[in-house]
Amino acid sequence: MAVVSVNRVVKSFGNLVAVNDVSFEIREGEIYGLLGPNGAGKTTTIKVLMGLLDPDSGFATVFDIDPQDDPIGVKNLVGYVPEEEQLYDSLTPRELFNFITSVRSLSREKTSKRVRGMVKAFNFKDYYDSMIVTLSHGNKQKTMLIAALLHAPRLLILDEPFSGLDVRTSRIMKNILRIHTDTGGTILLSTHVMEVAQGLCDRVGIIANGVLVGEGTLDELRKQSQEEGATLEEVFLALTQQEDEVREGVDILREALTR
Ligand SMILES: Nc1ncnc2c1ncn2[C@@H]1O[C@H](COP(=O)(O)OP(=O)(O)OP(=O)(O)O)[C@@H](O)[C@H]1O
Ligand SMILES: [Mg+2]
């Protein structure tokens, strides 16, 4: 059974087709990376999976549940870290985690153990009792990740989880993702960091202008783009047809910025 299944999903905003007939599947235990330029449709696809947006046509399932029919059922099985911070400013992380434990009716003992482990690993103790509004961007990211993992979800959906994290935290984060899959979990993450995707993801889907333009392991993508021995960054730029644009852009910049 596919953990995530996206079937011919189309989602428009007015005249703009943000996601255009996208299909892919994620298997149990996989780390699947959704890559694409700014505005490609990654977040929109993720929001369809979380039941936050309804597709115009096509459908998605998460553990065979359609988020349109049962968004709560999906949320119970998924730990979601959105692209933009969504936190209660006036709570402290401790209060937030207690609140989530209570509304989700989780075992206090089990969540305390998880929180203790993550607070230690993230070096987060000093911020644990500070109001969320006072936290730095990276510390808010850590708060969201801990919150998303409290209910021991089987699937993690992370929209650019590495943005703004320091070196140590990124390393810890990668380990958390590995531990999650080692213990039977599955991950969908979107990222712009090609090194992260290349080192971490079992398979990636590359989306450009709402269309899935490539999918597979790095080797499969090299074949698709006819870029033998290329890095994921090179494959990505080839498949999203940005190689020439980058070259031209650099030439123009060199001219424009010359003193
Ligand atoms: N609520 C909205 N109303 C109108 N247009 C939207 C809305 N949400 C997204 N879009 C548009 O849909 C397209 C896809 O956006 P999306 O956020 O999915 O891109 P993305 O791949 O996540 O980009 P990024 O890498 O910048 O996060 C963009 O052109 C965006 O401007
Ligand atoms: Mg996005």
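Student: What percentage of the 259 residues in the protein is buried?
Tutor: Buried residues make up 36% of the 259. A residue is buried if 20 or more other C-beta atoms lie within 10 Å of its own, exposed if 12 or fewer, and partly exposed in between, with C-beta atoms placed from the backbone. Bear in mind that this is a predicted model, where local features need pLDDT of at least 70 and side-chain atom pairs count only at pLDDT 80 or more, while totals for chains, interfaces and linings use all residues. As for labels, residues are numbered from 1 along each chain as its sequence is written, and chains are lettered from A and ligands numbered from 1 in the order in which they are written.

Student: OK. How many helices and strands are there in the protein?
Tutor: The protein has 10 helices and nine strands. Those are DSSP runs numbered from the N terminus: helices are H or I with at least four residues, strands are E with at least two.

Student: And what is the radius of gyration?
Tutor: The protein has 19 Å, which agrees with the value near 18 Å that a compact globule of 259 residues would have. The radius is taken over C-alpha atoms, and the globule rule is 2.2 Å times the number of residues to the power 0.38. Along its principal axes, the C-alpha trace spans about 55 × 50 × 40 Å.

Student: Switching topic: which residues surround ligand 1?
Tutor: Going along the chain, the shell has Phe13, Leu16, Ala18, Gly36, Asn38, Gly39, Ala40, Gly41, Lys42, Thr43, Thr44 and Glu83. Being near the ligand here is a matter of a C-beta atom, placed from the backbone, lying within 6 Å of it.

Student: Which element gives the most to that shell?
Tutor: H1 does, with three residues. Both helix H1 (42-49) and strand E2 (16-27) supply at least two residues each.

Student: How many of the shell residues are nonpolar, polar and charged?
Tutor: Four are nonpolar, six polar and two charged. In that scheme Ala, Val, Leu, Ile, Met, Phe, Trp, Tyr, Cys and Pro count as nonpolar, Asp, Glu, Lys and Arg as charged, and the others, Gly among them, as polar.

Student: E2 came up there. What is the strand order in its sheet?
Tutor: The order is E2-E1-E4, an open sheet of three strands with antiparallel pairing. E2 and strand E4 (57-62) stand at the edges with a single partner strand each, so one side of each has no neighbour in the sheet. From one strand to the next, the twist averages 15°.

Student: How many bridges join E1 to E2?
Tutor: Nine, and the two strands run antiparallel. Strand E1 (residues 2-13) is joined to E4 by five bridges, again antiparallel. Strands pair if DSSP finds at least two bridges between them.

Student: Which residues stand opposite Val10?
Tutor: On the E2 side, the bridge partner of Val10 is Asn20, and in E4 Val10 stands opposite Ser57. Asn7 has Phe59 in E4 opposite.

Student: Where does H1 lie with respect to those strands?
Tutor: H1 lies across E1, E2 and E4, running at about 120° to E1. Axes are lines fitted to C-alpha atoms, for helices over the stretch in contact, and angles run from 0 to 180 degrees between N-to-C directions.

Student: What about the backbone: which residue takes a positive phi in the hairpin of E1 and E2?
Tutor: Gly14 does, with phi near 60°, and the hairpin has two residues between the strands. Two residues other than glycine also deserve a mention: Arg8 has a positive phi near 50°, and Asp21 has one near 65°. Arg8 is in strand E1, and Asp21 is in strand E2.

Student: Why does Arg8 count as partly exposed?
Tutor: Because Arg8 has 13 C-beta neighbours inside 10 Å. Asp21 is partly exposed too, with 14.

Student: Last one: is Leu177 buried or exposed?
Tutor: Leu177 is buried, with 20 C-beta neighbours inside 10 Å. Leu177 sits in helix H6 (residues 167-182) and touches Ile31, Ile187 and Leu200, leaving aside residues up to four places away in sequence. Touching means the C-beta atoms, placed from the backbone, lie within 7 Å. By contrast, Ile252 in helix H10 (residues 243-257) is exposed, with 10 other C-beta atoms within 10 Å.

Conventions
Two residues are in contact if their C-beta atoms, placed from the backbone, lie within 7 Å.
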